[in-house]
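Me: Please take a close look at one part of this model: the place where two helices pack and aromatic rings gather. Keep it brisk.

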Amino acid sequence: MDERLLVKRAKRGDTAAFAELYGTIYKRLYRFALYTLGNTQDAEDVVSAAVMEAFENIGKLRKKDAFSAWMYRIVANMCKQKMREFEHKRKMEERA
């Protein structure tokens, strides 16, 4: 089905439409997160959190044909946050 139509339906609260959108890019998002973080559990956690955030904020997506790019941006931001957490934890362990 057309991505723009699925986004339109998802914005109206159609969870099946959102699931179909997500299903088309899950593997690519996971591979991106895994490459970025280097850990399967962290990659799964980030992608899951990104999907929840996207579902909650689908109404903020302005361009109906930009769902994939929007999802990558959410995942990338969450990966950056996770890496900052790793760095903070590492620094705290060095001080201990």
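Reply: What follows goes from the whole chain to the helix contact, then to the rings and the core.

This is a predicted model, in which local features need pLDDT of at least 70, side-chain atom pairs count only at pLDDT 80 or more, and totals for chains, interfaces and linings use all residues. Residues are numbered from 1 along each chain as its sequence is written, and side-chain values use heavy atoms, with hydrogens and water left out.

The protein has four helices and zero strands. Helices here are DSSP runs of H or I with at least four residues, strands are E runs of at least two, and both are numbered from the N terminus. The order from the N terminus is α-α-α-α. Along the principal axes, the C-alpha atoms fill a box of roughly 55 × 20 × 20 Å. Of the 96 residues, 31% count as buried. Buried means under 20% relative accessible area, exposed means over 50%, and partly exposed lies in between (1.4 Å probe, protein chains only).

Now the helix pair. Helix α2 spans residues 15-37 and helix α3 spans residues 40-57. Their axes come within 9 Å and cross at roughly 145°. Axes are lines fitted to C-alpha atoms, for helices over the stretch in contact, and angles run from 0 to 180 degrees between N-to-C directions. The crossing of α2 past α3 is right-handed, a term for the near helix being turned clockwise from the far one by less than a right angle. On the α2 side, the contact (heavy atoms within 4.5 Å) includes T15, F18, Y22, Y26 and L29. On the α3 side, V46, V47, V51, A54 and F55 are among the residues involved. The contact residues divide into 14 nonpolar, two polar and two charged. Nonpolar covers Ala, Val, Leu, Ile, Met, Phe, Trp, Tyr, Cys and Pro; charged covers Asp, Glu, Lys and Arg; the others, Gly among them, are polar.

Y22 lies in helix α2. Y22 is partly exposed, at 22% relative accessible area. Leaving aside neighbours within four places in sequence, Y22 contacts V47, V51 and F67.

Next, the rings. Rings of Phe, Tyr and Trp (its six-membered ring) pair if their centres lie within 6.5 Å; planes under 30 degrees apart count as stacked, over 60 as edge-to-face and the rest as tilted. The count comes to six aromatic pairs. One of these, F18 with F55, is edge-to-face: 5.2 Å centre to centre, with 70° between the planes. F18 sits in helix α2 and F55 in helix α3, so this pair ties together parts 37 residues apart in sequence. F18 counts as buried, at 5% relative accessibility. F55 is partly exposed, at 37%. The F67 and W70 rings have centres 6.1 Å apart and planes at 50°, so that pair is tilted. Both residues lie in helix α4 (residues 67-95), three residues apart, about one turn of the helix. F67 and W70 are both buried. F18, F55, F67 and W70 form one aromatic cluster.

Last, the core. A nonpolar core is a set of buried Ala, Val, Leu, Ile, Met, Phe, Trp, Tyr and Cys residues joined through side-chain atoms within 4.5 Å. The largest has 26 residues, and F18, I58, F67, W70, M71 and V75 have the most contacts inside it. The elements giving two or more residues to this core are α1 (3-11), α2, α3 and α4. Helix α2 gives the most, with eight residues. Leaving aside neighbours within four places in sequence, M71 contacts I25, L29, A50, V51 and A54.
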